[in-house]
Amino acid sequence: MESSQSSALESLRFNNAALRRLPVDESEETGSRTVPAACFSRIGSLQPLLRPSLVVLSGSALSLLGLGEQDVLTDPLAPEYLSGSRLLPGSQPAAHCYCGHQFGLFAGQLGDGAVMYLGEVEAGTQGRWEIQVKGAGVTPYSRDGDGRKVLRSSIREFLCSEAMAALGIPSTRAASLVTSDLYVSRDPLNSGRRVQERSSVVLRLAPTFIRFGSFEIFLDRDEFSGLQGPSAGRHDIRAQLLDYVVETFYPHIQQAHSNRKDRNMAFFREVMMRMAKLVAQWQCVGFCHGVLNTDNMSILGLTLDYGPFGFMDRFDPDFVSNASDKRRRYSYQAQPSVCRWNLARLAEALGSELDAAEAGAILDEFMPTYKASYLHIMRKKLGLVRKEEADDSELISDLLRVMYNTGADFTNTFCLLSRVPWPEEGDSERDVVGPVVELILEQCASIEELKVANKPTMENRELAMILSMAQTNPTMFGMVADRPDVAQQLELMGRLKELIETDQDELKKKQHDDWTRWISQYRRRLVRECDGMSDLSLVEKERLRVMNSSNPRVVLRNYIAQNAINAAEKGDFSEVNRVLKVLEKPYSDPEPLYEPASCGDKKHEGRELTVTYDGKPPAWAQTICIT
């Protein structure tokens with residue numbers, strides 16, 4: 001039955017420029033198919049959810065569309081409109097065609113297999129926003145999938161989108177999450193045991209969801225995978241897409257250059273700089289994306305597509321949030337180099353639109369740009385705001401080394417460093433820093449947790465063969481040991497051996513000494529912040545203000561998301577809403593710090609998990625990955 005009450009969502013003003021300016025596949029053919037010579041495909045009919053209901057709304061994301069949270073909450077048609085079950089006036093459902101390099105190999109046509117473009121909303125001073133519904137049903141790009149998303153993965157995408165925005169990190173946004181009584185079959189643990197889960201839909205928004213992979217649909221046949229883009233050789237459409245992106249989303253570049261090649265080079269440099277700064281922000285909050293394929297790289301430098309992401313608990317440069325990433329291609333420490341690699345693939349996809357030599361020079365600027373941005377943010381996290389010293393990078397590296405060796409929690413440690421006392425003449429170093437050291441040690445790993453964390457990941461048989469080689473063929477062993485993956489395993493073995501030969505008391509003493517030594521080094525650096533200053537209290541206040549606004553008290557740890565998922569799957573959405581409110585103010589309250597997850601018991605490790613516990617991080621929480 002139609003409602004007589006007016007709908008706030010019906011007031012949205014659509015201006016679907018992408019569909020007017022780019023080639024659209026108008027075929028009414030059903031099912032998955034290759035889509036040549038098009039950037040979008042029309043979606044002919046909606047696939048409604050069964051009894052859709054609201055789970056959570058983001059007031060700040062809705063405001064970007066000129067909508068009030070209360071107006072949407074009281075709109076009886078909101079669950080249908082927000083899930084793609086009912087057509088919004090002015091919307092034109094479509095799916096975007098793109099390709100991608102996945103785990104280093106070209107995968108050919110991919111596209112929006114579970115996402116439906118609704119259109120672009122003109123929101124006055126807030127600009128124009130493309131809105132999508134994720135999980136709304138099959139598209140020409142669904143391949144063997146059903147185009148649906150389930151509640152657990154939708155909760156993670158919704159919460160992380162809004163958490164990243166609140167952290168000040170460029171991201172796509174999530175305005176709403178709707179679930180339903182439509183069930184789909186899934187195998188959450190890849191164990192062969194399928195379960196029925198509720199279909200759910202996230203409404204996402206961004207200025208555009210065009211990505212690096214959008215330009216890869218024009219690639220010729222790849223020599224390794226044997227695949228090619230569905231619009232291979234259509235350089236006319238590539239030029240059309242590039243013009244649309246630059247003119248619409250980089251107007252300052254369009255206006256500054258009359259020469260096309262110069263314009264394109266300026267555009268590529270801007271994309272490079274945005275990506276370098278974005279990944280620096282990720283590293284500085286301990287965020288691991290998990291699937292940094294080219295099809296997940298926004299052309300605007302936004303964090304895009306939240307799948308098996310994770311925020312680090314214990315600091316570990318080799319942290320991997322995606323359990324299927326066995327080769328650790330997308331580990332925390334690999335993210336900067338992977339982003340540079342993806343930029344190189346974008347340059348290849350743009351082809352003759354760029355000058356190859358100049359594009360190579362721009363790529364060479366990526367790591368220096370990243371490092372400068374990373375160092376700038378890290379200085380703020382340590383409250384070093386008045387001076388920039390060459391040795392600051394070493395101070396930061398030493399801090400991370402101590403964090404790793406002691407199993408310190410990444411987020412909590414930076415918060416606790418604001419409690420390091422300002423140096424005063426005549427104070428006793430050990431007595432003054434002792435209380436802070438004790439606080440840090442309280443959330444460091446135990447010896448048993450460190451043993452688990454330092455257990456080699458290589459198969460025992462392969463590891464035994466390498467160790468035997470050290471005795472039987474030292475020359476060959478030397479060559480093999482130089483391989484980064486083998487060197488890492490040997491280093492883990494060495495650390496594990498030291499831990500086995502150490503007891504808990506010895507470990508605590510060493511951890512205490514290591515932290516005391518680093519904090520003393522840090523305080524000496526703080527003294528130099530005061531050089532030439534007469535009012536030291538102003539310097540101290542500025543330090544604390546910058547640290548408290550640069551170090552989040554809370555991030556979306558996996559166990560926090562899992563608590564919300566557990567409650568929601570029982571029909572209680574209050575925890576999702578409560579977590580959202582906390583994540584929206586990550587820098588506000590000085591207490592409490594969330595407990596780090598233990599890295600001990602890995603028996604529950606898996607790709608997607610659903611478990612029950614009350615508020616505390618379970619032993620396996622560091623390794624859980626929910627996609």
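Ser7 counts as buried in this predicted model, with a relative accessibility of just 9%, which puts it under the 20% cut-off for that class. The residue sits in the segment that comes before strand β1, itself made of residues 13-14. Its side chain makes a polar contact with the side chain of Asp75, at 2.4 Å. Asp75 also turns up in the list of residues that Ser7 touches, together with Leu77 and Tyr81, once residues up to four places away in sequence are set aside.

Lys134 is another buried residue, because its relative accessibility comes to 13% and the limit for burial is 20%. Lys134 belongs to strand β9, which covers residues 128-134. Here, too, there is a side-chain partner to look at: the side chain of Lys134 makes a polar contact with that of Glu157, at 2.8 Å. Residues up to four places away in sequence aside, Lys134 touches Ala114, Val115, Lys149 and Glu157, and also Ser200, Val201, Val202, Arg204 and Asp305. Strand β12 spans residues 195-206, so the contacts of Lys134 with Ser200, Val201, Val202 and Arg204 are contacts with residues that fall inside the β12 range.

Helix α18 offers a pair of residues to set side by side. The helix runs over residues 484-500, and Met493 is part of it. Leu492 is found in α18 as well. How do the two fare in terms of exposure, buried or partly exposed? Leu492 counts as buried, at 10% relative accessibility, whereas Met493, at 26%, counts as partly exposed. The 20% cut-off for burial therefore falls between the two values.

The contacts of these two residues can be read in the same way. Leaving out neighbours within four places in sequence, Met493 is in contact with Pro456, Leu463 and Leu467. Leu492 touches Tyr404, Ala453, Asn454, Lys455 and Pro456, again without residues up to four places away in sequence. Pro456 thus appears as a partner of Met493 and of Leu492. For Leu492 and Pro456 there is a distance to go with the contact: their C-alpha atoms lie 5.7 Å apart in space, with their positions 36 residues apart in sequence. Met493 and Cys339 give another kind of pair, being 154 residues apart in sequence and 30 Å apart in space, C-alpha to C-alpha.

Now for some loop residues. Phe224 lies in the loop that links β12 (195-206) to α6 (235-249). Is this aromatic residue buried or exposed? Phe224 is exposed, because its relative accessible area is 69% and the exposed class begins over 50%. Across the chain, Phe224 and Leu105 are separated by 119 residues in sequence, yet their C-alpha atoms are 7.5 Å apart in space.

Ala37 and Arg328 are worth a look for their backbone. Phi of Ala37 is near 55°, a positive value in a residue that is not glycine. Ala37 is found in the loop between β2 (24-25) and β3 (40-42). With a relative accessible area of 31%, Ala37 is partly exposed. Arg328 has a positive phi too, near 60°, and is likewise a residue other than glycine. Its place is the loop between β14 (310-311) and α9 (335-350). Arg328 is partly exposed, with a relative accessible area of 28%.

Stepping back to the whole protein, the secondary structure comes to 22 helices and 14 strands. The C-alpha trace spans about 75 × 60 × 60 Å along its principal axes. What radius of gyration goes with the 627 residues? The protein has 26 Å, which agrees with the value near 25 Å that a compact globule of this length would have.

Buried residues make up 57% of the 627 residues. Of the contacts between residues at least 6 apart in sequence, 72% join residues that are at least 24 apart. The accessible surface comes to about 26200 Å², and carbon and sulfur atoms account for 50% of that. As for charge, there are 73 positive and 86 negative charges, and their mean positions are 1 Å apart.

Terms used. Residues numbered from 1 in each chain as written. Predicted model: local features only at pLDDT ≥ 70, side-chain atom pairs only at ≥ 80, totals over all residues. Heavy atoms only, no water. Helix = DSSP H or I, 4+ residues; strand = E, 2+ residues; numbered from the N terminus. Rg over C-alpha atoms; globule rule 2.2 N^0.38 Å. Buried < 20%, exposed > 50% of the residue type's maximum accessible area, 1.4 Å probe, protein only. Contact = heavy atoms within 4.5 Å. Areas by Shrake-Rupley, 256 points an atom, 1.4 Å probe, with all protein chains shown as cover. Lys, Arg positive; Asp, Glu negative; His and termini not counted. Charge placed at Lys NZ, Arg CZ, Asp CG, Glu CD. Polar contact = N/O pair within 3.5 Å; in protein donor to acceptor, adjacent residues only side chain to side chain.
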